[in-house]
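Got your viewer open and a selection tool ready? Let's take a walk through this one, stop by stop.

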Amino acid sequence: MSAPASSTADRSFAIERIFNAPVERVFRLWTDPLLVAQWWGIRDCTIPLCQLDVRVGGRWRIDMLTASGALYRNQGSYLEIVENVRLSYRDEPDPEIQEWAGTPPGESRHTVSFTADDARTHVHFEVTLASPADRERLLALGMRGGWMQSFDRLEQLISTGADHAG
C-alpha cells in the first residue's frame with residue numbers, strides 16, 4: 001500500500017497584497033530586470049545580478065547579497081506568462097545554500113496573479129513546494145517572511161514613484 005499523495009494545499013502558502021498602482025505598472029515591476037533588482041529580496045539586501053528571460057521556457061536568475069555578506073543564487077524558468085494577468089515560474093533551489101545542510105528542497109512553482117482594482121492592483125502570490133515537508137522546512141527558515149519583506153520593498157518603490165529602469 002502506498003502513501004496517499006499530498007494535496008496542493010499541503011504543499012502551498014499564499015500572500016495577498018494590494019498595491020497602489022495600475023496592473024500594467026505592477027506587472028512590469030515583476031518582469032523588467034532593472035526594476036526587479038530594485039525591490040526583490042529581503043530587507044537591506046542588494047541584487048548584484050538579475051537576468052530575466054520572460055517567455056515560456058526562458059530562464060531567470062537573481063543573486064541576492066544580504067547585508068551580512070551571504071550570497072543566495074535564485075534561478076529557474078518561466079512556465080506561464082499572461083501579460084498583466086499571471087506570471088508563473090519554477091524555482092530551482094541552489095544546492096550550495098548553507099541552510100539546506102546538503103539536502104536541498106525540491107523545485108517549487110511560484111504563481112503571481114494580478115487583478116486590476118481601479119488604479120490599484122491586487123496581487124495573489126502562491127508558492128507550491130515539492131512536498132509538505134519542504135513547505136514546513138522553508139516556512140521554518142523564513143520563506144514567507146522573506147517574501148513579505150520583498151513585497152514591502154515593492155510597495156515602497158511604488159510609493160516613491162522611482163520605479164523606472166536605468
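Start with a residue to click on: is Asp-44 buried or exposed? It counts as exposed, because its relative accessibility is 57% (exposed means over 50% relative accessible area, buried under 20%, and partly exposed in between, using a 1.4 Å probe and protein chains only).

Before going on, a word on what you're looking at. This is a predicted model, where local features need pLDDT of at least 70 and side-chain atom pairs count only at pLDDT 80 or more, while totals for chains, interfaces and linings use all residues. Residues are numbered from 1 along each chain as its sequence is written, and side-chain values use heavy atoms, with hydrogens and water left out.

**Stop 1: two loops**

Stay on Asp-44. You'll find it in the loop between helix H3 (33–39) and strand S2 (46–52). (Helices here are DSSP runs of H or I with at least four residues, strands are runs of E with at least two, and both are numbered from the N terminus.) Asp-44 isn't a glycine, yet its phi is positive, at about 65°.

Now select Asn-84, in the loop between S4 and strand S5 (86–91). Asn-84 is another residue other than glycine with a positive phi, near 65°.

**Stop 2: zoom out**

Show the whole chain as a cartoon. You should be able to pick out five helices and seven strands. Going along the sequence, the pattern reads α-β-α-α-β-β-β-β-β-β-α-α. The radius of gyration is 16 Å, close to the 15 Å that the globule rule gives for 166 residues, so the protein chain is as compact as a globular protein of that length. (That radius is taken over C-alpha atoms, and the rule is 2.2 Å times the number of residues to the power 0.38.) Along its principal axes, the C-alpha trace spans about 55 × 35 × 30 Å. Of the 166 residues, 41% are buried.

**Stop 3: the strands around S7**

Select strand S7 (residues 120–128) together with strand S1 (residues 12–19): they pair in the antiparallel sense over eight bridges. (A pair needs at least two DSSP bridges between the strands.) Click Phe-13 and look across to S7, where its bridge partner is Val-127.

Then add strand S6 (residues 108–117), which runs antiparallel to S7 and is joined to it by nine bridges. Here Ala-116 has Thr-121 as its bridge partner in S7. S6 and S7 form a hairpin with two residues between them, and Asp-118 in the turn has a positive phi of about 55°.

**Stop 4: Val-26**

Which helix holds Val-26? Its place is in helix H2 (residues 23–31). Val-26 counts as buried because its relative accessibility is 0%. Leaving aside neighbours within four places in sequence, its contacts (heavy atoms within 4.5 Å) are Phe-19, Ala-21, Phe-114, Thr-121, Val-123 and Ile-158. Try a distance label between the C-alpha atoms of Val-26 and Phe-114: they're separated by 8.0 Å, though the two are 88 residues apart along the chain.

**Stop 5: Ser-77**

Last, hop to strand S4 (residues 71–82) and select Ser-77. With a relative accessible area of 9%, Ser-77 is buried. Beyond neighbours within four places in sequence, the residues in contact with Ser-77 include Gly-57, Gly-58, Arg-59 and Trp-60, and also Tyr-89, Arg-90 and Glu-92.
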